[in-house]
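The following exercises concern one protein chain. Please study the sequence and the structure, attempt each task, and then compare your reasoning with the worked solution.

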Amino acid sequence: MIAKTFGASVVGVDANIITLEANVIKGTRIFIVGLADSAVKESEQRVESALKQLGFRIPRQKIVINLAPADVRKEGAAYDLPIALSILVASDQIEALDFDKYVILGELALDGQLRPIRGVLPIAIEARKQGFKGFVLPKENAAEAAIVNDLDIIGVENLEEAIAFFEGEKTIAPLHINTRDLFSQKQNEYEADFSDVQGQENIKRALEIAAAGGHNVIMIGSPGAGKTMLAKRLPSILPPISLHEALETTKIHSVAGKIVGTDSFLVVQRPFRAPHHTISDVALVGGGGNPQPGEISLAHNGVLFLDELPEFKRTVLEVLRQPLEERKVTISRAKLSVDFPCNFMLIASMNPCPCGYYNHPEKSCTCPPGSVQRYLNKISGPLLDRIDLHVEVTPVSFDEMTANRKTESSADIRARVIKARQIQTLRFQNMEGIHSNAMMPSQLVKQVCKIDEKGKQMLKSAMDKFGLSARAYDRILKVARTIADLEASADIAPYHLAEAILFRTLDRSNWAN
């Protein structure tokens, strides 16, 4: 007798339905075919032990288990549960009902308990798309899968419970979650708030502009000036994540295994990722034999913070260039090519020199001549070209720290940011793939960022006086457009340009001299 069940495999951030066929015929041994990796083939031992714990047996015959389609690689231990059930049905030890109506996945422990798996959300989405009635999976994963509506999510704790469900001996109510209620409850919960920050008004202004236009930022300042503290508060002033963005981001975190074993089965806040400077290029951009998302994809729809930017390896920083431009990263292998989305804001921070005190108002720089420029040269021009705002962060004085003045909260700043983003949404409503000023290509900048004759003269003078590079031209116009949007101004005024020019510190030819 041939028994058929359905599982799934995840490639990139999408799932494919896998058909598992089990047949018991004359012979010996178990054969698992269909491009299965070692973890799948090792399921034989886990399944046999789990079945014996429940009083079932592995038939002493030839068992062929086929995973179709055979040209798609299957990885991991999630096929344990469907393999076990298929063997029991194929050997007439149980009579299961509605096998073909459910996707079944789960890793078995030797005693028959089920362990959680990764990639549940994209599998649930694909199961609903393919018209399956439900999804049987470990109970620990049920809440994550229940985000998907119109699909019966059956969470089981062990193999015995799964058998009882399919034989009709036990009724398990599908888990239902009101995704929109959950989403609205936790959307605005942030631990860090800008109301905690004393002083640094110019940096707050720069981050507000960055949030309003989706611009990348680099902060340059001495140790202890507050760069990391300010960066951590940036997500609290970004526009609230939409439900579509939340599901898209959760899929990536699910595939990466970041949701398993946590209570946060839906990403309801914009991600903030801060990898250490020792990270490898593969860990940052993603990859591996079975391509997994890297830090830039985990920061999708959120913020990627790179602290001490010059300390990152040059090869690591250079892989950022294409993802910053295209908002996605493509991982190519001999047999497949996978796209991971990575639409993130890059926030970087660095010391101005090796000792950290170049341009400090009180302490003297002890670096030898030329070392400041060499330190800055660790960051390539093409990467700086993709960073719109360069901000100098100066230390907060003792009087400012102890003033205890009431400062603006993140909610107040966010309200202005949302209004500016609404203007941009209306502006780019007919343009696919463009949602903010920072995403405008050069051709669109000429149409959207028009300036008058006085503005042109100001920009020309600034470029001549400060030695600004040609690549700074478009960046200044984009930032000026965002500043105008924050004031709901239809035109870019000269003072909007003047403020934008101030945020090109590293483009000034004499900055490190």
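**Exercise 1. How many positive and negative side chains does the protein chain have, and how far apart do the centres of the two sets lie?**

Solution. Begin with the source: this is a predicted model, in which local features need pLDDT of at least 70 and side-chain atom pairs count only at pLDDT 80 or more, while totals for chains, interfaces and linings use all residues. Residues are numbered from 1 along each chain as its sequence is written, and side-chain values use heavy atoms, with hydrogens and water left out.

Step 1. Lys and Arg count as positive and Asp and Glu as negative; His and the chain ends are not counted. The place of a charge is taken as NZ of Lys, CZ of Arg, CG of Asp or CD of Glu.

Step 2. On this basis the protein chain has 60 positive and 62 negative side chains. The centres of the two sets are 5 Å apart.

**Exercise 2. Determine how far helix H6 (residues 159–166) is buried, and describe its two ends.**

Solution. Step 1. Helices (H or I, at least four residues) and strands (E, at least two) are DSSP runs, numbered from the N terminus. Buried means under 20% relative accessible area, exposed over 50%, and partly exposed in between (1.4 Å probe, protein chains only).

Step 2. Of the 8 residues of H6, 7 are buried, so the helix is largely enclosed by the rest of the structure. Among them are Leu159, Glu161 and Phe166.

Step 3. At the start of H6, a side-chain oxygen of Asn158 comes to within 3.3 Å of the backbone nitrogen of Glu160. Just after H6, Gly168 has a positive phi of about 80°.

**Exercise 3. Set out the order of the open sheet of 5 strands, and examine strand E10 within it.**

Solution. Step 1. The order is E11-E14-E17-E10-E18, with parallel pairing. Strands E11 (272–273) and E18 (389–393) stand at the edges, each with a single partner strand, so one side of each is left without a neighbour in the sheet.

Step 2. Two strands pair if DSSP finds at least two bridges between them. E10 pairs with E17 (residues 345–350) over 4 bridges, and 5 bridges join E10 to E18. Val217 has Ile347 of E17 as its bridge partner, whereas Ile218 has His390 of E18.

Step 3. In a regular strand the side chains alternate between the two faces of the sheet. In E10, Val217, Met219 and Gly221 are buried on one side, and Ile218 and Ile220 are buried on the other.

Terms used
A polar contact is a pair of N or O atoms within 3.5 Å; within protein, one must be able to donate a hydrogen and the other to accept it, and residues adjacent in sequence count only if both atoms are side-chain atoms.
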